[in-house]
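Here is a short report for a reader meeting this protein for the first time. Look over the sequence and the structure, then read on.

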Amino acid sequence: LAHTMNVEFDGLSIKYMLSELVPGMKLQFCAGRGLSNAKPKFSNTPYAEDVDSASGIDLTGIVFTAYDDGQYLAKTQYYYASNLIDTKAGVNPPEMETVGNMHSATALFMVNGIGKSDYLDETTFFISGAVTQTDPNDKGMLGSTDSEIGYSYWTGLQVPSLVTDDGRMGLEYNYGSQYWRSITYAEDTN
């Protein structure tokens with residue numbers, strides 16, 4: 001589910017194991033707040049504390065694992081994020097501002113070990129699709145002040161390395177439509 005969300009949040013998570021019904025089934029509720037108060041990377045003082053930073057991003061979500069036996073995994077996720085941030089348009093050095101809210105839903109299917117040979121037993125295949133709906137404030141989000149729907153998909157294959165015994169190699173492809181938005185801010189601080 002990492003192509004829709006991959007950031008740090010302070011919060012809580014409650015998980016209900018339902019594996020007596022179906023192998024690996026579980027339901028998880030999450031809530032939290034996240035936002036670095038550091039200045040953006042390309043500002044005059046990168047990573048310095050920004051006392052005027054945008055408010056925290058609040059998030060609530062549900063993760064449902066329908067099946068997970070260690071080889072096959074089927075999982076879904078829904079979250080609502082409020083107070084999303086972006087850089088202010090036309091401002092140099094960059095500054096952050098709050099741009100609105102968003103709904104997101106994701107589904108994932110993964111196979112760990114396709115079988116039929118030792119090589120394929122160590123192979124992983126996955127496919128994931130997602131949809132988002134923005135709810136921007138008057139500053140707009142993704143170039144629009146209207147609520148927009150976007151979608152994405154991500155698929156990949158990871159196999160044992162042909163060069164080393166411990167290595168792995170893989171191929172993946174991802175696509176996002178014009179109004180697709182994830183919460184996967186690149187992190188380059190220690």
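## Val131 and the surface patch

Val131 has a relative accessible area of 37%. That value is over 20% and under 50%, so Val131 counts as partly exposed. The model is predicted. Val131 sits in strand β6, which covers residues 124-136.

Val131 also belongs to a nonpolar patch on the surface. Its partners there are Ile149, Tyr151, Tyr153, Tyr173 and Tyr175. Together the six residues have about 600 Å² of accessible area. Two strands, β7 (149-160) and β8 (168-176), each supply at least two residues of the patch. The largest share comes from β7, with three residues.

## Overall layout

The protein has one helix and eight strands. Along the sequence the pattern reads β-β-β-β-β-α-β-β-β. The chain holds 190 residues, and buried ones make up 33% of them.

## The sheet

The eight strands form an open sheet. Their order is β1-β2-β3-β4-β5-β6-β7-β8, and the pairing is antiparallel. At the edges stand β1 (10-17) and β8, and each of these pairs on one side only. Neighbouring strands in this sheet are turned by 15 degrees against each other on average, direction ignored. Strands of a sheet pair through backbone hydrogen bonds.

## Around strand β4

Strand β4 pairs with β3 through ten bridges, and the two run antiparallel. One facing pair is Phe64 and Thr76, with Thr76 in β4. Another is Asp58 and its bridge partner in β4, Ser82. The two strands form a hairpin with three residues between them. In the turn, Gly70 has a positive phi of about 95 degrees.

Strand β4 also pairs with β5, this time through 14 bridges. These two strands run antiparallel as well. Here Thr87 stands opposite Met96, which lies in β5.

## Nonpolar cores

In soluble globular proteins, nonpolar side chains tend to be buried together. Which residues make up the largest nonpolar core here? There are eleven: Met5, Ile57, Leu59, Tyr79, Ala81, Leu84, Ile85, Val99, Met102, Met141 and Ile183. Three strands give two or more residues to this core: β3 (57-68), β4 (72-87) and β5 (96-112). The most come from β4, with four residues.

Another core lies apart from this one. It has six residues, including Leu1, Val63, Leu73 and Trp154.

## The salt bridge

How many salt bridges are there, counting a Lys or Arg side-chain nitrogen within 4 Å of an Asp or Glu carboxyl oxygen? The count comes to one. The side chains of Asp58 and Arg33 meet in a salt bridge, at 2.7 Å from N to O. Asp58 lies in strand β3 and Arg33 in strand β2 (residues 26-34), so the pair ties together parts that are 25 residues apart in sequence.

Are these two residues buried, exposed or partly exposed? Asp58 counts as partly exposed, at 24% relative accessibility. Arg33 is partly exposed too, with a relative accessible area of 45%. Asp58 thus appears in two roles: Arg33 is its salt-bridge partner, and Ser82 is its bridge partner in β4.

How values were computed: Residues numbered from 1 in each chain as written. Predicted model: local features only at pLDDT ≥ 70, side-chain atom pairs only at ≥ 80, totals over all residues. Heavy atoms only, no water. Patch = residues over 30% accessible without salt bridge, like charges linked within 9 Å, V, L, I, M, F, W, Y side chains within 5 Å. Areas by Shrake-Rupley, 256 points an atom, 1.4 Å probe, with all protein chains shown as cover. Buried < 20%, exposed > 50% of the residue type's maximum accessible area, 1.4 Å probe, protein only. Core = buried A, V, L, I, M, F, W, Y, C linked by side-chain atoms within 4.5 Å. Pairing = 2+ DSSP bridges. Axes fitted to C-alpha atoms, helices over the stretch in contact; angles between N-to-C directions.
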